[in-house]
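Welcome! Please open your viewer, get comfortable, and let us walk through this structure one selection at a time.

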Amino acid sequence: MASPDDLQVETEQRGESVVLRPAGEIDLARSPALRSVLSRAQDARPARLVVDLQQVPYMDSSGVATLVEAMQVARRYRGSLVLCGMQERVRSIFEIARLDTVFRIVDSLEEAVGA
Amino acid sequence: MKGRPVAGDPHVKIDMLSQPRYLAGARAMIASLARRLGFGESDCAHVALALDEALCNVIKHGYEKRDDQHIWISVGPLEGQCCGIRILVEDRGRQVEPADIRSRQLDDIRPGGLGVHIIHQGMDHVEYAKRDGGGMSLLMEKRQSAAVASAAARKETA
């Protein structure tokens with residue numbers, strides 16, 4: 001049975017991009033699940049990993065930290081991490097943390113897979 | 001529970017276990033209270049995020065991820081303010097010097113270390129203290145802007 005702490009994440013291959021679509025609030029309860037999914041996806045060293053946040057209405061600093069870690073992993077193997085579909089509330093935490101200029105953030109999935 | 005005296009009785013007191021699964025409920029509770037105290041949606045979101053980060057810090061650093069400890073949240077309106085909220089978070093976790101509680105440098109890009117910065121960005125007043133008998137307390141206050149407070153007061157009297 002799924003635990004409420006589980007995070008639903010769809011995975012899709014789009015050309016040379018791997019797209020992850022988490023759904024739900026990402027906080028300290030759920031960021032370990034996101035970390036695990038990101039880690040598994042990065043084991044295959046995709047050239048581009050896209051995280052589509054369209055279905056994420058809320059994220060705290062634990063979720064942001066998880067994405068920072070994934071970005072650093074991608075840089076180490078010379079891949080890229082692209083974020084797309086950010087809702088306003090999620091975007092604001094990246095702005096507060098001044099990470100909106102550190103991540104590659106685009107509006108749509110189409111832009112992300114072509115980024 | 002012995003804690004730091006709070007000016008005025010809190011209107012709401014919550015005793016929650018130090019488990020991340022309860023963060024969503026705490027966020028919903030504080031956003032709802034902030035809304036009823038006259039804050040707009042954007043400010044409610046900032047207050048909820050600040051409380052979330054405060055609770056995360058207690059769970060991760062104060063209690064070192066032990067999930068059977070207690071965190072007390074007291075909430076009330078700011079005295080003498082038309083629209084303001086006062087939140088006190090208390091624990092019996094590890095004590096640290098309040099002056100040592102600070103964010104990492106923002107240009108030092110690495111995972112973690114942002115919670116304190118986010119709390120300060122979202123709230124007008126943030127004050128850490130050691131509790132008598134152990135643990136820490138965090139007092140957070142946020143005032144509504146004068147224009148919005150005035151509009152809220154008019155709505156209240158209409």
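How many bridges join strand S3 of chain B to S5(B)? Select residues 84-91 and then residues 136-143 of chain B to find out: the two strands run antiparallel and are joined by seven bridges. Keep in mind as you look around that this is a predicted model.

**Stop 1: around S5(B)**

To see one bridge of this pair, pick Val89(B) and its partner in S5(B), Leu138(B). Now add residues 125-130, which are strand S4 of chain B; S4(B) and S5(B) pair in the antiparallel sense over six bridges. Here you can click on Val126(B), whose bridge partner in S5(B) is Met140(B).

Follow the chain from S4(B) to S5(B) and you will trace a hairpin with five residues between the strands. Stop at Gly133(B) in the turn, where phi is positive, at about 90°. Is S5(B) mostly covered or mostly open? Mostly covered: seven of its eight residues are buried.

**Stop 2: chain B as a whole**

Zoom out and colour chain B by secondary structure. You should find four helices and five strands, which follow the pattern β-α-α-β-β-α-β-β-α along the sequence. Of the 158 residues in chain B, 44% are buried. If you switch on a surface, chain B exposes about 8,000 Å², with carbon and sulfur atoms supplying 48% of it.

**Stop 3: the sheet of chain A**

Next, show the strands of chain A. They include an open sheet of five strands in the order S1-S2-S3-S4-S5, with mixed pairing. Select residues 8-14 (S1) and 104-106 (S5): these strands stand at the edges with a single partner strand each, so one side of each has no neighbour in the sheet. On average, neighbouring strands of this sheet are turned by 25° against each other, direction ignored.

S4(A) and S5(A) pair in the parallel sense over three bridges, and Val82(A) has Arg104(A) as its bridge partner in S5(A). Add H2(A), which packs on the sheet and touches S3(A) and S4(A); the direction of H2(A) makes about 145° with that of S4(A).

**Stop 4: a helix covered from both chains**

Finally, select residues 88-96 of chain A, helix H3. Which residues of H3(A) are buried? They are Val90(A), Ser92(A), Ile93(A), Phe94(A) and Ile96(A). Their cover includes H2 (61-76) and S4 (80-84) of chain A, together with H2 (41-62) and H3 (115-122) of chain B. End the tour at Arg98(A), which follows H3(A) and has a positive phi near 55°.

Note on methods
Residues numbered from 1 in each chain as written. Chains lettered and ligands numbered in written order. Predicted model: local features only at pLDDT ≥ 70, side-chain atom pairs only at ≥ 80, totals over all residues. Heavy atoms only, no water. Buried < 20%, exposed > 50% of the residue type's maximum accessible area, 1.4 Å probe, protein only. Areas by Shrake-Rupley, 256 points an atom, 1.4 Å probe, with all protein chains shown as cover. Contact = heavy atoms within 4.5 Å. Pairing = 2+ DSSP bridges. Axes fitted to C-alpha atoms, helices over the stretch in contact; angles between N-to-C directions.
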